[in-house]
Amino acid sequence: MKRKSDKKQSLRRTVSNNWFMIKLSFQAAPAAMICLSLDGIIDSWLRVFAGSFGVKFVLEAVEFHRSFLSVLYLMSFIIIAYSLRFFFAAITYVKLAEKGIPKIQKALKEKMYEKARELDLECYDNPEYYNEFVFSISESEKSVDRTREIVQVFFIALTTLITSGIFFMTTDAPSVIFVLASFVLTFFASQLLNKVKYNNRLERNPKERKLSYIHRVFYLNEYAKELRLNPKLRERLNSEFKQVNNDIYEIEKNYALKRTGLQFLVKYVTGDFINDVVYITYLVFRAAVQHVISYSSVVVLWGSTGSMKRSLRMMANMFPQISENSLYIDKIRSFLNYEKKIISMKSLPLPKEPKTLKFMNVSFGYNEKDGYILHNINLTIHPFQKIALVGYNGAGKTTLIKLIMRLYDPTAGEILYNGINIKDYDVSEYREMIGTTFQDFKVFAANVGENIVLDYEDEESRKEHEPAVQDAILYSGFKERVAKMPLGLSTELTTEFNQEGLDLSGGESQKLAIARAFYKDAQLVILDEPSSALDPIAEYQLNESILRATENKTVVFISHRLSTTRNADRIIMLEQGRIIEEGTHEELLTLKDKYAQMWKAQAGKYVDIA
């Protein structure tokens, strides 16, 4: 992702970004946003009317001996107006704002999570994009709050500016010059200040992510054993924790002088000095020397400069805030506007039975810097075949199956299914025909049945899925363990949300993951190291179950344990991203090459059960 937001944005882009969030806010919670805006308008109008026009009227009534009854009428009107305003404010904040703002945050998060669900896998491999992704998610709620504040402040400041402006223009028009001078200077100084704050936040972000990661490592259950058994690791993490804290301190120190100087300029020089020193001198001159304004007007004008000053300061600060908010929203919009690369070219219907899968001169690299991982792969997998991929770590086995699953597209060459490029099938339907067990599978904080179905279930769906789930746990060798669980398939796994939850062993977790692939009843089953956590007996039983359960399916599996691969119809050996050997177990042993050497190295570890 190009970091457009790091560059100076045009006025058009700034307006567009803020309008995007404002429109989303009014669409998600129209009543709340309208009432919050009206509340700001009413409150501002009342403050200026009572504090400027009202006070001036009362003072002049004393100075020029007007009737007390007129003052009483005015005071009664102000009291009634404020009472109605307080009632309206209570409804606005209690009944609408507290319910409306979460609706807006929910609407934005739903957009972002929906987009995150569709992201190509390569986005997670790109550190720069992943930083943007995390940053966008973390800033979503804050952007909603900033936008709500900007909308409310805009109406407050605008109303105060208009009503105060009318008062100043009708009382002493030249006074506006002092206010405008303060406004212009404050505007530019505030813009510089907010830019410095944004750059500071941006520079802190990767450090804070690392700090958060170290924090998670120290409290998450999955790291607890490693930390306790490896004191040097604890020391290193503690050292890095201190180093990151020091880095954040240095970043803050580098920005501290700029921030302090600009804050002083905004608060005292461009605001207080002009209004509190220069302007009061002008007013005294107008009243005492020129005698063009009354003493009552001097008092009220001086008192009203506070509200006028606040409104102008709010307006001056609002524009840099809009610019700053735009920088954050720009990242969110860039994330939401990401266009998937793995798309359906034609959405052709998939055949209902397993067909031939063919790699034709396929090469692939995750990025230009690292070059190709796979080189000119030519491979044909016929229907119902059981194919084993073997090779040392880094040979490209997992990358190859990611291409089969269309998690990535080839950099060069093409992959055909039933003679048609897999890009021409609907992506979701194509992936749906594949049942997969990943090497780095995860057990979710849900019950056993939901972990197999990979969906939340109610009573009706549980009954519907149970026969298929029972078959899946039988074939994966997990049925006996489930039978011993207190609630069977309804037993909660992990203690993340349930203290009574069950933590499975490595082998049990692997059987659960394999059950997912069997449950799916897919045409093509892909198993990445399906027996790595199993003992030899369980491994043998699993292999037999796989053969029985996948008689009418095509199977591709990866294994470093060659006792698992010997019953495959064909074995494909990869080395440095190239196919170097291909054949049955016996044929490859006869070649007495790389596969035979690997088999010989492992043969002493296994009992030939067959």
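I take contact to mean heavy atoms within 4.5 Å of each other, and on that basis I looked up Ile452, which touches Val469, Ile473, Leu512, Ala515, Arg516 and Tyr519 once residues up to four places away in sequence are left out. I note at the outset that this is a predicted model.

**Entry: the cores**

I followed Ile452 into the largest nonpolar core, which has 35 residues and in which Val448, Ile452 and Phe478 are the ones with the most contacts. Helix H15, residues 506-519, gives the most to this core, with six residues. Apart from this core I found another, of 32 residues, with Leu374, Ile381, Tyr417 and Tyr425 among them. I set beside this the general remark that in soluble globular proteins nonpolar side chains tend to be buried together.

**Entry: the open sheet**

I then traced the strands, and found that four of them form an open sheet in the order E2-E1-E4-E5, with antiparallel pairing. Its edge strands are E2 (374-381) and E5 (420-421), each of which pairs on one side only. Inside the sheet, E1 and strand E4 (residues 412-417) run antiparallel and are joined by five bridges. At one point along this pairing I noted Phe359, which stands opposite Ile415 in E4.

**Entry: strand E8 and its partners**

Which way do the residues of E8 point? I found that Thr554, Val556 and Ile558 point one way, that Val555 and Phe557 point the other way, and that all are buried. This fits the general pattern in which the side chains of a regular strand alternate between the two faces of the sheet. E8 is mostly covered, with five of its five residues buried.

I looked next at what pairs with E8. Strand E3 (residues 386-390) runs parallel to E8 and is joined to it by four bridges, and in this pairing Lys386 has Val555 as its bridge partner in E8. Strand E7 (residues 524-528) also pairs with E8 in the parallel sense, over five bridges, and here the bridge partner of Asp528 in E8 is Ile558.

**Entry: the largest cavity**

How many cavities of 30 Å³ or more does a search of the whole structure find? The search finds four, and the largest of them has a volume of about 120 Å³. Its lining is made up of Lys386, Pro530, Asn543, Ile546, Leu547, Val555, Phe557, Thr564, Asn567 and Ala568. The elements that give two or more residues to this lining are helix H16 (536-549) and strand E8 (554-558), and H16 gives the most, with three residues. Sorted by class, the lining has six nonpolar, three polar and one charged residues. I noticed that Lys386 and Val555, which are bridge partners, both appear in the cavity lining.

**Entry: the largest pocket**

I turned from the cavities to the largest pocket, which holds about 1900 Å³ of space. It is lined by 43 residues, and the closest to its centre are Leu407, Arg431, Phe438, Phe444 and Leu454. The elements that give two or more residues to the lining are helix H3 (68-118), helix H10 (397-404), helix H11 (427-432), strand E6 (434-437), helix H12 (448-453) and H15. By class I recorded 21 nonpolar, eight polar and 14 charged residues in this lining.

One of these elements, H10, I examined separately, and it is mostly covered, with six of its eight residues buried. The buried ones are Lys397, Thr399, Leu400, Ile401, Leu403 and Ile404. H10 is followed by Arg406, whose phi is positive, near 60°.

**Entry: two single residues**

Is Lys341 buried or exposed? Lys341 has a relative accessibility of 53%, and it counts as exposed because the cut-off for that class is over 50%. Lys341 lies in the loop between helix H9 (295-336) and strand E1 (357-364). Beyond its neighbours within four places in sequence, Lys341 is in contact with Asp120, Glu122 and Asp409. Asp409 is 68 residues from Lys341 along the chain, and their C-alpha atoms are separated by 8.5 Å.

I chose Ser311, found in helix H9, as the second residue. Its relative accessible area is 1%, so it counts as buried, the limit being under 20%. With its neighbours within four places in sequence left aside, Ser311 is in contact with Ala157, Thr160 and Leu161. The C-alpha atoms of Ser311 and Phe154 are separated by 9.3 Å, although the two residues are 157 residues apart along the chain.

Key:
Residues numbered from 1 in each chain as written. Predicted model: local features only at pLDDT ≥ 70, side-chain atom pairs only at ≥ 80, totals over all residues. Heavy atoms only, no water. Buried < 20%, exposed > 50% of the residue type's maximum accessible area, 1.4 Å probe, protein only. 1 Å grid on protein atoms, 1.4 Å probe; cavity = no way out; pocket = protein on both sides within 12 Å on 5 of 7 lines; lining within 4 Å. Points joined across faces, edges and corners; volume = space filled by probe spheres on them. Nonpolar A, V, L, I, M, F, W, Y, C, P; charged D, E, K, R; others polar. Core = buried A, V, L, I, M, F, W, Y, C linked by side-chain atoms within 4.5 Å. Pairing = 2+ DSSP bridges.
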